Amino acid sequence: MALDALIRLRNVSRAAEEMFITQSAMSNALGRLRDYFDDPLLIQVGRMMELSPLAASLEQPLRDIIVRIDSAVVSTPSFNPADSRRLIGMVVSDYSLHTLIPIFMEIVTAEAPALQFDFKPQQNFPHLLLEKGEADLLIAPSVFCSTHHPSDVLFSDEICLVTDCRSSFATGEKITREQFESAGHVVMRPPNGGESFAERACREVGLAIRVEVATFAFSTLSVLVRGSNRLALVQKTLAIEMIKTGGLAIIDPPLDLPLLEQSAQWHSYRSRDPALTWVREKLKTAAAELAGRSSRLAGQRAITAINT
């Protein structure tokens, strides 16, 4: 456990705090580990500590062992949602935080009022947080989930366009391919770099997209198209929430884009964790409710052009 904390945190003081021991005790543990492995493990470089090649090679297998222990010993064999105070770590995008998670929290609060949640931001290769034991669940597009761990499909979402209701595109008619490709676009790109789902979807159907503004959060797309003649490709459920604030319109893209399929994923070692099984079922319930709400609102075609 001491070696795991030292390798992850690369800081003796912080490792001591995590394990609730003194800094002196952790320094002694590091000394014993160095003697055992006959290797420095942590090397002082300026004000930072770096891993030795041996320590770097131990990082992933050591994490795997710790996660196995946690799933077998630390996780409770039974789970009573009415009185559980367990903390569940979930990796989610702000898209999920604005659409699925509010419904999920309503359901959970009614049945498990003391259950705690720590929502962590989305990142590239989010499944690595599962493998490191830093998160219990991941909610992400199915295409970004790992093939090495189980997952459940929660729901699928259409991709539509959002624009200012005073833009030249807010005519109520389907936008043409020429208009789409000549327009400036606002896109969300992952904070750590990489291609957005919107850009990937366009590439798959052969649509060119001219990006004029890039942002790190889905929720900011609506404010960044306001007062402009730009377009933003947005998930339909999120777009419906956006236009409730007024001044925006939803229009259809020139071609049918691939559906965004959202999945919940967990570490294979946690498949029998009763708490996570319960949480996954509530996520499915929330996803079904979200899909129902979106269908009812999408059927009211007038909502796609709210001008006040």
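In the predicted model, histidine 185 of strand 8 lies opposite valine 211 in strand 9. The two strands, strand 8 and strand 9 (residues 210-215), run parallel and are joined by 5 bridges. Strand 8 is also joined to strand 10 (residues 231-235), again in the parallel sense, through 2 bridges. In this second pairing, valine 186 stands opposite alanine 232 of strand 10.

The surroundings of strand 8 (residues 184-188) were examined further. With buried taken as under 20% relative accessible area, 5 of its 5 residues are buried, and the strand is therefore largely enclosed by the rest of the structure. This cover extends to both faces of strand 8: Gly184, Val186 and Met188 are buried on one side, and His185 and Val187 are buried on the other. Histidine 185, which faces valine 211 across the pairing with strand 9, thus belongs to the buried set of strand 8, as does valine 186, the residue set against alanine 232.

An open sheet is formed by 5 strands in the order 4-3-5-12-6, with mixed pairing. Its edges are strand 4 (116-121) and strand 6 (151-157), each of which pairs on one side only. On average, neighbouring strands of this sheet are turned by 20 degrees against each other, direction ignored. Within the sheet, strand 5 (residues 137-141) and strand 12 (residues 260-265) form an antiparallel pair over 4 bridges; here isoleucine 139 is placed opposite alanine 264 of strand 12. Helix 6 (residues 100-111) packs on the sheet and touches strand 3 (87-92), strand 4, strand 5 and strand 6. The direction of helix 6 makes about 170 degrees with that of strand 4.

At the level of the whole chain, 12 helices and 13 strands are present. The C-alpha atoms fill a box of roughly 75 × 50 × 30 Å along the principal axes. Of the 308 residues in the protein chain, 47% are buried. Among contacts with a separation of 6 or more, 75% are accounted for by residues 24 or more positions apart. The accessible surface of the chain amounts to about 15,300 Å², and carbon and sulfur atoms contribute 54% of this area. The chain carries 31 positive and 36 negative side chains, and the centres of these two sets lie 2 Å apart.

Notes
Residues are numbered from 1 along each chain as its sequence is written. This is a predicted model: local features need pLDDT of at least 70, side-chain atom pairs count only at pLDDT 80 or more; totals for chains, interfaces and linings use all residues. Side-chain values use heavy atoms; hydrogens and water are left out. Buried means under 20% relative accessible area, exposed over 50%, partly exposed in between (1.4 Å probe, protein chains only). Contact means heavy atoms within 4.5 Å. Accessible areas come from the Shrake-Rupley method with a 1.4 Å probe; for residues, only the protein chains shown count as cover. Lys and Arg count as positive and Asp and Glu as negative; His and the chain ends are not counted. The place of a charge is taken as NZ of Lys, CZ of Arg, CG of Asp or CD of Glu. Two strands pair if DSSP finds at least two bridges between them. Axes are lines fitted to C-alpha atoms, for helices over the stretch in contact, and angles run from 0 to 180 degrees between N-to-C directions.
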